[in-house]
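Here is a short structural report for a computational chemist. Please read it with the sequence and coordinates open.

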Amino acid sequence: MERLATAEDMRAYGARLSARLRAGDLLVLSGPLGAGKTTLVQGLAEGLKVRGPITSPTFVIARVHPSLCEGPPLVHVDAYRLGGDLEVDDLDLDASLEESVTVVEWGEGLVEGLAEDRLEIHIDREGGDDARLVSLRGVGARWADTPSDREEE
């Protein structure tokens, strides 16, 4: 588990994490409203060198950010307003999954079926300040070397 004191720390964490990402990766972000999920994606996007700006896709559901450097595009999805598996299927995320890095905010319980391998990232607030606790859980062979910070559920 990583403790991040500021939004800048969250973006820097995302940029560091992006060095481990490649086309075909699925990241599932969870945590309460205002936890910093989009801020983390901003850092991932910076590290992946994709076209921005990175804002919450709450109302458009999904945005594709093309690479500026021959890397994979970033598909940024906000599943907060989706009503279930059928609406996730309508997004047709599996069509671009192999060539993109796909990050789904609020995807827990909805998108796990898209890929056998995924990185689950949970963000929690800590106390009354800006600090956040970030935990990772790798699922599948792709992420076998990722230490899991969360207990099996």
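The report goes from the overall fold to strand pairing, a helix, the cores and one loop residue.

**Overall fold**

The model is predicted. The chain holds 3 helices and 7 strands. Their order along the sequence is β-α-β-α-β-β-α-β-β-β. The chain has 153 residues, and 46% of them count as buried. Take the contacts between residues at least 6 apart in sequence: 59% of these join residues at least 24 apart. The accessible surface of the chain is about 7,800 Å². Carbon and sulfur atoms account for 49% of that surface.

**Strand S6 and its partners**

Strand S6 spans residues 118-125. Is S6 mostly covered or mostly open? It is mostly covered, with 6 of its 8 residues buried. S6 pairs with S2 and with S7, as tabulated here.

| Pair | Sense | Bridges | Facing residues |
|---|---|---|---|
| S2 (residues 26-30) and S6 | parallel | 4 bridges | Leu27 and Leu119 |
| S6 and S7 (residues 132-139) | antiparallel | 8 bridges | Ile123 and Val134 |

S6 and S7 also form a hairpin, with 6 residues between the two strands. Gly127 sits in the turn and has a positive phi of about 60°.

**Helix H2**

Helix H2 covers residues 37-48, 12 residues in total. From its first C-alpha to its last, H2 reaches 16 Å. That is close to the 16 Å expected at 1.5 Å a residue. Just after the helix, Lys49 takes a positive phi of about 60°.

Why is H2 described as largely enclosed by the rest of the structure? Because 9 of its 12 residues are buried, and buried means under 20% relative accessible area. The buried residues are Lys37, Thr38, Thr39, Leu40, Val41, Gly43, Leu44, Ala45 and Leu48. Their cover includes helix H1 (7-18) and the strands S2, S4, S5 (101-105) and S6.

**Nonpolar cores**

The largest nonpolar core has 24 residues. Leu27, Leu74, Val103 and Ile121 have the most contacts inside it. H1, S2, H2, S5, S6 and S7 each give two or more residues to this core. Which element gives the largest share? H2 does, with 5 residues.

Another core, of 11 residues, lies apart from this one. Among its members are Val75, Leu82, Leu97 and Val111.

Leu74 deserves its own entry. Beyond its neighbours within four places in sequence, Leu74 contacts Val41, Ala45, Leu48, Val50, Ile54, Arg63, Val64, His65, Val101 and Val103. Three of these names, Val41, Ala45 and Leu48, also appear among the buried residues of H2.

**Tyr80, a loop residue**

Tyr80 lies in the loop between strand S4 (74-78) and helix H3 (85-91). Is Tyr80 buried, exposed or partly exposed? It counts as partly exposed because its relative accessibility is 42%, and that class runs between the 20% and 50% cut-offs. Setting aside neighbours within four places in sequence, Tyr80 is in contact with Leu33, Glu105 and Trp106. Glu105 falls at the end of S5 (101-105). Ile61 is 19 residues from Tyr80 along the chain, and their C-alpha atoms are separated by 8.3 Å.

Methods: Residues are numbered from 1 along each chain as its sequence is written. This is a predicted model: local features need pLDDT of at least 70, side-chain atom pairs count only at pLDDT 80 or more; totals for chains, interfaces and linings use all residues. Side-chain values use heavy atoms; hydrogens and water are left out. Buried means under 20% relative accessible area, exposed over 50%, partly exposed in between (1.4 Å probe, protein chains only). Contact means heavy atoms within 4.5 Å. Accessible areas come from the Shrake-Rupley method with a 1.4 Å probe; for residues, only the protein chains shown count as cover. Two strands pair if DSSP finds at least two bridges between them. The expected span of a helix is 1.5 Å times one less than its number of residues. A nonpolar core is a set of buried Ala, Val, Leu, Ile, Met, Phe, Trp, Tyr and Cys residues joined through side-chain atoms within 4.5 Å.
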